[in-house]
Amino acid sequence: MPTEVVDLEIQGMTCASCAARIERRLGRMPGVEATVNYATEVAHVTLPEGTSVADAIATVEATGYGASPPEPDRERSDAPLVWRLFVAAVLGTPVVAMGMVPALQIEGWQWLSLVLATPIAAYSAWPFHRAAVAALRHGATTMDTLVSMGVTAAYLWSVWALVWGGAGAMGVHMDGLLSTGGHAGLYLEVVAAVTAFLLAGRLIEHRARRGSVDALRSVARLGAREATRVTDAGEERVP
């Protein structure tokens, strides 16, 4: 049966389980064989006659990820990730400081922490929320699901504590994560710290993986393009 072998660049993977999920979905297509490499973000797909590249891309997209033919000269920018980390670090530093050091808890500090933590929970942590929702739509969970749930739970609990739990009263102080005076505790510093640390880790991973991919491609370019096949009739050059 005639087949077509293609490589697809995959967008949106955040862990090895994402690659495994895409590989399984592609493998369910009749006659299709696929191997997805999380490190290089590439799916190597063998398509039978009657199945097009567009069909494979549609399957990947239906799984909650993006796919496209490879573009060797395209440079994947990490600028959006850098900006999200910048917002989390700049706004999160005073949130963590005020939440952990009672001496810095000025009048109304808890409401200021809420104002600063809101962009972190909504904007900086958005990649985790987006990936969690995409996985949930397909009945799956990933590490992003845990991060999104943790950040969301800490933020919503803190809002409840401020509005209804007594933590929003003027003059309230807390010793680290422990509440004092009978009111509910705040966890806005958790929102800030978890988001910033995980974004930093993802940025380091992204840059390290990009360097590894460039190195692998350089090695691949050194490989032979043709081979000599020896037959009864003699030798011939083949791809």
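How much space lies in the largest pocket? In this predicted model, the figure legends below begin with that pocket and then move to the cavity, the nonpolar cores, the sheet and the hairpin.

**View 1. The largest pocket and its lining.** About 750 Å³ of space lies in the largest pocket. Its lining is made up of 28 residues, and those closest to the centre of the pocket are Gln-11, Gly-12, Met-13, Thr-14 and Arg-130. Strand β1 (3–11) and the helices α3 (79–100), α5 (126–137) and α7 (188–221) each contribute at least two residues to this lining, with α5 giving the largest share, namely five residues. Sorted by class, the lining of the largest pocket holds 11 nonpolar, eight polar and nine charged residues.

**View 2. The largest cavity.** The structure holds one cavity of 30 Å³ or more, and the volume of the largest cavity is about 30 Å³. The residues that line this cavity are Val-95, Gly-99, Trp-109, Ser-113, Leu-186, Leu-188 and Glu-189, and α3, α4 and α7 each supply at least two residues of the lining. By class, four of the lining residues are nonpolar, two are polar and one is charged.

**View 3. The nonpolar cores.** The largest nonpolar core comprises 30 residues, within which Leu-186 and Val-191 have the most contacts. At least two residues of this core come from each of α3, α4 (109–124), α6 (143–163) and α7. A second core, separate from the largest one, has 22 residues, among them Ala-19, Met-29, Val-45 and Ala-67. Leu-186 can be followed from one view to another, since this residue has a place in the lining of the largest cavity as well as in the largest nonpolar core.

**View 4. The surroundings of Gly-185.** Gly-185 is found in the loop that lies between β6 (178–179) and α7. Is Gly-185 buried or exposed? With a relative accessible area of 9%, Gly-185 falls under the 20% limit and is therefore buried. Gly-165 is 20 residues away from Gly-185 in sequence, while the C-alpha atoms of the two glycines are 8.3 Å apart in space.

**View 5. The open sheet of four strands.** The four strands of this open sheet follow the order β2-β3-β1-β4, and their pairing is antiparallel. The edges are formed by β2 (33–37) and β4 (66–68), each of which pairs on one side only. On average, and with direction ignored, neighbouring strands of this sheet are turned by 30° against each other. Between β1 and β4, which run antiparallel, there are three bridges, and Ile-10 has Ala-67 in β4 as its bridge partner. Ala-67 also belongs to the second nonpolar core, while β1 is one of the elements that supply at least two residues to the lining of the largest pocket.

**View 6. The hairpin of β7 and β8.** Strand β7 (residues 227–231) pairs with strand β8 (residues 234–238) in the antiparallel sense, and the pairing extends over five bridges. The two strands are joined by a hairpin through two residues. Within this pairing, Arg-229 stands opposite Glu-236 in β8. In a regular strand, the side chains alternate between the two faces of the sheet.

How values were computed: Residues numbered from 1 in each chain as written. Predicted model: local features only at pLDDT ≥ 70, side-chain atom pairs only at ≥ 80, totals over all residues. Heavy atoms only, no water. Pairing = 2+ DSSP bridges. 1 Å grid on protein atoms, 1.4 Å probe; cavity = no way out; pocket = protein on both sides within 12 Å on 5 of 7 lines; lining within 4 Å. Points joined across faces, edges and corners; volume = space filled by probe spheres on them. Nonpolar A, V, L, I, M, F, W, Y, C, P; charged D, E, K, R; others polar. Core = buried A, V, L, I, M, F, W, Y, C linked by side-chain atoms within 4.5 Å. Buried < 20%, exposed > 50% of the residue type's maximum accessible area, 1.4 Å probe, protein only. Axes fitted to C-alpha atoms, helices over the stretch in contact; angles between N-to-C directions.
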